[in-house]
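I'm opening a fresh page for a structure I haven't looked at before. Here it is, and my notes come after it.

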Amino acid sequence: MSTYSSLLKTRGVGRIMAAQLVARFPFGMLSLAFLLHIEHVHNSYGSAGLVLAALSIGQAIAGPLTSRLMGRWGMRPVISGTIAVCAVAITSIALIPMTIPVTMVVALVAGLTMPPIQPAVRTIYPKMVNSRQLTPLFSLDASAQEIIWVVGPVITTFAATQISTVAGILLAVAFLVGGGAWFLASPELGRVRIPRSRRRIGAVLAKPSVLLATVVGFLLVAACASIEAGVVSTFGHDGPQAGIVLAVFAIGSLVGGLALGHVPIGPWALARRMFIVFAGTAVAAFSLNIWWLSVFLFLAGVGIAPALAVMFSIVSSSVRFSETAEAYGWVGTGQLIGAALGSAVAGFLIDSQGPTGAFIAAAALALAGFAVPLLGKRWHPDLRGKDASPIPDTEPIEAITS
């Protein structure tokens, strides 16, 4: 904890981490919020799955593109413009009655304009701390990200069940606009310039560690999204049980992130952490009892934040600074697609097999997330005793000096 305390005392770290966390909360809320709202309006999880698929397509296209645009136009213009359009699109889905095809088009626009907060902040981090602090900072950030992916759905569930599904979506918009404005006000956005990448878009995926992190991040978040849909369908929309179970899931991830954040990152690190997620999820699928789910989803959660921290570190250590924004754009795209498609797949399985189908899907996704780094061990950098900072570019890069 002393390491994390020292990090948060570093000038600007605590502020920008909190700002980006609030701004990115909708990323962990919208899949479930749309799932609940569309199912409520159209009485079909399958229809909700189609809307989420449209959202995921937009996110897949936008992630690396908007990240590269920050190197051309600057972080503030790109982030502020995407926030404005995205907020209007999401609000329209909540307030305007639309057919499923029209809703899919609007969801596509929302996905295309998801602001690139994550690539921006992960590009800024190496310029705020020294190389010794960078890996613990990624671990702390991964724990914070779990608040987004796991606590975000908890907040959405409570808002949607206790107030309305419209309120669940509008709450996500409030986080997007309010948190986005706070993040845009951070002075670091003006002090750190992302150099324009000289390589074609997508070339960074040729780096095995970036591709590894993108694929595993997709599988991990897809498993989490399937779990969330399964929990909601198990306990329904009218009581607090779903929120309680998801909160326990979140606590497990936070505990894991803080407890394992100091562990050196060797070549088996990602596979070991993903095995924890798989083991807990697989056992949880055997019963829908609230106590059973709470215990084993807590266990599954212990591996989530540590796995994300490993992904961030191996990406950072493998690319040039000018490529970091796009690399994290691809990783973020993988996670966002995973969230949307995990919910979509779970929705169809819930319609056909009941809640158990969602947990089986989650276990299968987590197993794949374990197998990929296990088989791709040779692509996993060994960072024990090494610097996780990006590879310097040959041209001067503006850094934070005050």
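These entries go through what I looked up, one topic at a time.

**Entry 1: what kind of model.** I'm working from a predicted model, so I keep that in mind throughout.

**Entry 2: cysteines.** I wanted to know how many disulfides there are. I searched the whole structure and got zero. Then I checked two cysteines for burial. Cys86 has a relative accessible area of 0%, so I put it down as buried. Cys224 comes out at 5% relative accessibility, and because buried means under 20%, Cys224 is buried too.

**Entry 3: H10 against H11.** Cys224 led me to helix H10, where it is one of the residues that meet helix H11. H10 runs over residues 208-235 and H11 over residues 241-260. Which way do H10 and H11 run, roughly parallel or antiparallel? Their axes come within 8 Å and cross at roughly 150°. That angle is over 145 degrees, so I call H10 roughly antiparallel to H11. I noted the crossing of H10 and H11 as right-handed.

Next I listed who touches whom. From H10 I have Cys224, Ile227, Glu228, Val231, Val232 and Phe235, and they meet Gln241, Ala242, Val245, Leu246 and Phe249 of H11. Sorted by class, the contact of H10 with H11 has nine nonpolar residues, one polar and one charged.

**Entry 4: H10 against H16.** H10 also packs with helix H16, which covers residues 355-375. Here the axes are 8 Å apart and the angle is about 165°. With that angle, H10 is roughly antiparallel to H16. Is the crossing of H10 and H16 left-handed or right-handed? I have it as left-handed.

The contact list is long, so I only copied part of it. On the H10 side it includes Leu212, Val216, Leu219, Ala223 and Gly230. On the H16 side, Phe359, Leu365, Gly369 and Val372 are among them. Ile227 and Val231 of H10 are in this list, and I had already met both in the H11 contact. By class, the contact of H10 with H16 has 18 nonpolar residues, five polar and no charged ones.

**Entry 5: a proline elsewhere.** Last, I looked up Pro101, which is in helix H5, residues 100-112. Is Pro101 buried or exposed? Its relative accessible area is 55%, and since exposed means over 50%, Pro101 counts as exposed. I also checked Pro101 against Gly347: they are 246 residues apart in sequence, and their C-alpha atoms are 18 Å apart in space.

Notes: Residues are numbered from 1 along each chain as its sequence is written. This is a predicted model: local features need pLDDT of at least 70, side-chain atom pairs count only at pLDDT 80 or more; totals for chains, interfaces and linings use all residues. Side-chain values use heavy atoms; hydrogens and water are left out. A disulfide is a pair of cysteine sulfur atoms within 2.5 Å. Buried means under 20% relative accessible area, exposed over 50%, partly exposed in between (1.4 Å probe, protein chains only). Axes are lines fitted to C-alpha atoms, for helices over the stretch in contact, and angles run from 0 to 180 degrees between N-to-C directions. Helices (H or I, at least four residues) and strands (E, at least two) are DSSP runs, numbered from the N terminus. Angles under 35 degrees count as roughly parallel, over 145 as roughly antiparallel, 65 to 115 as roughly perpendicular and the rest as oblique. A crossing is left-handed if the near helix is turned anticlockwise from the far one by less than a right angle, and right-handed if clockwise. Contact means heavy atoms within 4.5 Å. Ala, Val, Leu, Ile, Met, Phe, Trp, Tyr, Cys and Pro count as nonpolar, Asp, Glu, Lys and Arg as charged, and the others, Gly among them, as polar.
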